[in-house]
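Please look through the sequence and the structure shown below before reading on. The briefing that follows moves from the surface and overall build to the charged side chains.

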Amino acid sequence: MSVKFEAFGDFETRVRDSFQRQKIMTTIGADLTRVNPGEVEIEMPFSPELTQQHGFLHAGIISTTLDSACGYAAYSVMPEDSAVLTIEFKVNLLSPGKGERFLFRGSVTKPGRTIMVADGQAFAFDAEGNARMIATMTGTMMVISGRGDLAG
């Protein structure tokens, strides 16, 4: 079932501009590859610098990127003068983060004026392009309004 969301103004530019200011995404080599109202995708190549002791993508990196995907999915349907902050999230690690590249998808499940819920999935791709889901997330995002010190 596909849900249609109302987007405000040039939501894609707002999301992409905010993503560019998020230094952690640059640090880990993540790219924002898709922005639709209520849905965002972030892709990232494998990097040995982001692994844990067994050579798998670290759970912290998986959680960080899923948080960004869910947060930006929510931000894509927030009013133009809003900012987004995560209130809480739950991650389920389903399989080791082993792959050539990774895809992190966030989508809004419950929009709201002050609180939004988003779900995320993380996929690992092997050298042949086969995908395996490695993690899921449910996150609660807050719509911040009227704060000149926060943008995006």
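About 8,000 Å² of the chain is exposed, and carbon and sulfur atoms supply 53% of that area. The model is a predicted one, and of the 152 residues of the chain, 41% count as buried.

**Overall build**

- The chain holds three helices and six strands, and when it is read along the sequence these elements follow the pattern α-α-β-β-α-β-β-β-β.
- The radius of gyration of the chain is 15 Å, close to the 15 Å that the globule rule gives for 152 residues, so the chain is as compact as a globular protein of that length.
- Along its principal axes, the C-alpha trace of the chain spans about 45 × 35 × 25 Å.
- Among the contacts in the chain with a separation of 6 or more, 66% are accounted for by residues 24 or more positions apart.

**Charges**

- The chain carries 14 positive and 18 negative side chains, and the centres of these two sets lie 4 Å apart.
- The structure holds five salt bridges, and three of them are described in the points below.

**Salt bridges of glutamate 41**

- Glutamate 41 forms a salt bridge with arginine 105, in which the closest N and O atoms are 2.7 Å apart.
- Because glutamate 41 lies in strand S2 (residues 39-45) and arginine 105 in strand S4 (residues 101-110), this pair ties together parts that are 64 residues apart in sequence.
- Glutamate 41 also takes part in a salt bridge with arginine 34, where the closest N and O atoms are 3.1 Å apart.
- Glutamate 41 has a relative accessible area of 8%, and it counts as buried because that value is under 20%.
- Its two arginine partners count as partly exposed, with a relative accessible area of 31% for arginine 34 and of 22% for arginine 105.

**Salt bridge between arginine 101 and glutamate 43**

- Arginine 101 forms a salt bridge with glutamate 43, and the closest N and O atoms of this pair are 3.1 Å apart.
- This pair links distant parts of the chain, since arginine 101 belongs to strand S4 and glutamate 43 to strand S2, and the two are 58 residues apart.
- Both residues count as partly exposed, arginine 101 at 36% relative accessibility and glutamate 43 at 27%.

**A shared network**

- Salt bridges that have partners in common join Arg34, Glu39, Glu41 and Arg105 into one network.

Notes. Residues are numbered from 1 along each chain as its sequence is written. This is a predicted model: local features need pLDDT of at least 70, side-chain atom pairs count only at pLDDT 80 or more; totals for chains, interfaces and linings use all residues. Side-chain values use heavy atoms; hydrogens and water are left out. Helices (H or I, at least four residues) and strands (E, at least two) are DSSP runs, numbered from the N terminus. The radius of gyration is taken over C-alpha atoms; the globule rule is 2.2 Å times the number of residues to the power 0.38. Buried means under 20% relative accessible area, exposed over 50%, partly exposed in between (1.4 Å probe, protein chains only). Contact means heavy atoms within 4.5 Å. Accessible areas come from the Shrake-Rupley method with a 1.4 Å probe; for residues, only the protein chains shown count as cover. Lys and Arg count as positive and Asp and Glu as negative; His and the chain ends are not counted. The place of a charge is taken as NZ of Lys, CZ of Arg, CG of Asp or CD of Glu. A salt bridge is a side-chain nitrogen of Lys or Arg within 4 Å of a carboxyl oxygen of Asp or Glu.
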